[in-house]
Amino acid sequence: MPKSKRFAPRKFVIGSVAGVIVFIYILRLFFLQLVETDYKLTADSNAFRRDVINPSRGLISDRNDSLLVYNEPSYALMVQMMEQHGIDTLNFCRTLGITREDYIKRMEDIKDSEKNPHYSRYKPQVFMTGISVEEYARIREKMFQFKGFYFEQRSIRRYASAVGAHVLGDVGEVSVNDLGRDFYYQSGDLIGKLGVERSYEKELRGEKGVRIMMRDVRGRTLGRYKDGLYDTHPVAGKDLKLTIDIELQALAEQLLEGKLGAIVAIEPESGEILCLASSPTFDPRQMTGKDRVKYTARLQKDSMRPMFNRAIMGTYPPGSTFKPTQGLIGMQEQIISPVTSFPCIGGFHFKGLHLKCHGHSSPISVVPALATSCNAFFCWNLYRMFNNRSRFSSQREAMTRWKDHLVAMGYGYRLGVDLPGEARGMIPNADYYDKYLGKWGPLSVISISIGQGEVTATPLQICNLAATIANRGWFKTPHVIKEIKGGTVDPKFSQQHRTLVDGGYYRYAVAGMRSAVTGGTCRGANLPGLSVCGKTGTAQNRGVDHSAFMGFAPMEKPRIAVAVYVENGGFGADFGVPIGALIIERYLRGELSPEAQSKATAIQHRHISYAGYRKQ
């Protein structure tokens, strides 16, 4: 065999191996140049430093332009992990006023992929936030000793007063979940946690900018890269104007001192929330800076739950404030007419069932029944509706229609207020009773006709009912945002929602509520010249009854609707009515008379004992 033929297979093998090696080198070069970023990041990190410029957070003011939330300068201490080696940690800790253990923990948290999922040793990381201007001035003189550390200017949130905490909310450092949901944030950034600060976070936060700085081979900053040609400027957050009247809010919070409960006031025509108070409350001024964590922990351990916004999260039996809905449903479904009368001899008595009522004339029709808060009238109304086979094929169909009415009135589901954490309340349906009662009938569920039993509502929903009656059958979704500077308010807040009840029937609900004030259960709200309409509620409870009130004024062209709910406050007239009257007078007249101011002071200092209080 010729020699050339004997070596031909070897040439093929050697050539193939060489070809594979060349291909591998080319492929690796491709990945190094175009795909893998580690070397590029290292090179860029050596040559450039990208400083994030945080925007100024938007300001918040009330409906009368009183500034409620603003910003003050502060600093964050940043660290570039690729550069921070070799520093004197003992000196560093003394300079910052922290322990070596604290230093180690902060460094570990920065590198922890679970706590800081966006970690990169090539990018600046937040070591410490909330450094005041005074602290910055003291520390910066020594910063040249600590390679890899530098300051980044930020701002700290400030609240003008202790009023309005549940509406305004607060800001705090981003959580791991926040970092996973939105790449805008990096560890150490601030984000809205509660209230408006949370629900309008994207409008308030603005857009970050970046400053690119040149560095030499020793890591010393030389200046801005190409005179800032590639820098981006931060865009400040949008300023918000709220619907809240901060003076009215302050009064509401004062009246709730020493009590558990809520006060909500709405402008009926617009759905704008004028005040939204929950008690107990907290001081938003203490929810900023380094002490925020300790203060929050203390609030969370408080059995009275001051961070729980009872105005929108608390679900309570509405009691007799629910009765106008029942009269309206009865008239709309032709179960009763405005002149239909039912007997009330000390209450509702039928087939061995007894529901008590207080003394008043009998028989009684819908308007005086609302004025005197007659239990028997509304029990008979519901009994007739659920048993009416000429209109409904079954009690199941009747109950479904009953619930449909209440949902259209804003009960049983979230209204959609622009605050986080709103509860939906409870309006039971036939399926619910099938599951929990099995066989049931009107007498089994009769207590729902007077706002007891399984029916629950939030104070916001109760106030929204008052606004709906004031408008004679429609409402707009309650909201706290009035204006977004440079932005638009969600159009859903300007849409009307009509109930399933003809507008003409509402005049009887209005007449009943007006009569309640002029000569019924709400006489304490009879303010001369303001034609207040109201309805008390005494909601039964395991202990002392809850005190409730809802109302609006003036009767014609209403400007304010209000709901008051005081846990264990007794009769509606004990706390609900006088508090509601003070809120209405303060808003419509712009101030309280000397006599009214004395009443407000007395209520403010009249505390309720909640020994052995059980959380809802």
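In the predicted model, Leu 382, Met 385 and Phe 386 of helix 15 are in contact with Gln 395, Ala 398, Met 399, Arg 401 and Trp 402 of helix 16. By class, the residues of this contact comprise 6 nonpolar, 1 polar and 1 charged. Helix 15 spans residues 375–387 and helix 16 spans residues 395–408; their axes come within 7 Å and cross at roughly 125°. Because angles over 145 degrees count as roughly antiparallel and those from 65 to 115 as roughly perpendicular, helix 15 is classed as oblique to helix 16.

A second helix pair is formed by helix 10, residues 246–255, and helix 20, residues 576–589, whose axes come within 10 Å. The crossing angle of this pair is roughly 160°, and the two helices are therefore roughly antiparallel to each other. The crossing of helix 10 and helix 20 is right-handed. On the side of helix 10, the contact involves Glu 247, Leu 248, Leu 251, Ala 252 and Leu 255. These residues meet Ile 579, Leu 582, Ile 583, Arg 586 and Tyr 587 of helix 20. The residues of the contact between helix 10 and helix 20 divide into 8 nonpolar and 2 charged, with no polar residue among them.

Empty space within the model was examined next. Rolling a probe the size of a water molecule over the atoms shows where such space is left. The largest pocket has a volume of about 1400 Å³. Its lining consists of 48 residues, and those nearest the centre of the pocket are Thr 129, Glu 173, Gly 188, Asp 189 and Leu 190. Several secondary structure elements each supply at least two residues of this lining. The strands among them are strand 3 (67–79), strand 4, strand 5 (149–159), strand 6 (170–173) and strand 7 (190–194). Helix 4 (100–111), helix 7 (176–181) and helix 11 (292–301) likewise each supply at least two lining residues. By class, the lining of the largest pocket has 18 nonpolar, 14 polar and 16 charged residues.

The search of the whole structure also finds 1 cavity of 30 Å³ or more. The space in this cavity amounts to about 40 Å³. Its lining is made up of Leu 96, Met 128, Ile 131, Glu 135, Arg 138, Ile 139 and Lys 290. Strand 4 (125–131) and helix 5 (133–139) each supply at least two of these residues, and helix 5 provides the largest share, with 3 residues. The lining of the cavity has 4 nonpolar and 3 charged residues, but no polar ones. Strand 4 also supplies at least two residues of the lining of the largest pocket.

Local backbone geometry was considered last. Most residues other than glycine have a negative phi, and most peptide bonds are trans. The peptide bond from Ser 362 to Pro 363 is cis, with omega near -5°. Pro 363 lies in the loop between strand 14 (353–356) and helix 14 (366–372). A cis peptide bond also leads from Ala 553 to Pro 554, where omega is near -15°. Pro 554 belongs to the loop between strand 19 (546–553) and strand 20 (560–566). Asp 65, although not a glycine, has a positive phi of about 70°. Asp 65 is located in the loop that lies between strand 2 (60–61) and strand 3.

Terms used:
Residues are numbered from 1 along each chain as its sequence is written. This is a predicted model: local features need pLDDT of at least 70, side-chain atom pairs count only at pLDDT 80 or more; totals for chains, interfaces and linings use all residues. Side-chain values use heavy atoms; hydrogens and water are left out. On a 1 Å grid over the protein atoms alone, a cavity is a set of points where a 1.4 Å probe fits but cannot get out, and a pocket is an open set with protein on both sides within 12 Å along at least five of seven lines; lining residues have an atom within 4 Å of a point. Grid points are joined across faces, edges and corners, and a volume is the space filled by probe spheres set on the points. Helices (H or I, at least four residues) and strands (E, at least two) are DSSP runs, numbered from the N terminus. Ala, Val, Leu, Ile, Met, Phe, Trp, Tyr, Cys and Pro count as nonpolar, Asp, Glu, Lys and Arg as charged, and the others, Gly among them, as polar. Axes are lines fitted to C-alpha atoms, for helices over the stretch in contact, and angles run from 0 to 180 degrees between N-to-C directions. Angles under 35 degrees count as roughly parallel, over 145 as roughly antiparallel, 65 to 115 as roughly perpendicular and the rest as oblique. A crossing is left-handed if the near helix is turned anticlockwise from the far one by less than a right angle, and right-handed if clockwise. Contact means heavy atoms within 4.5 Å.
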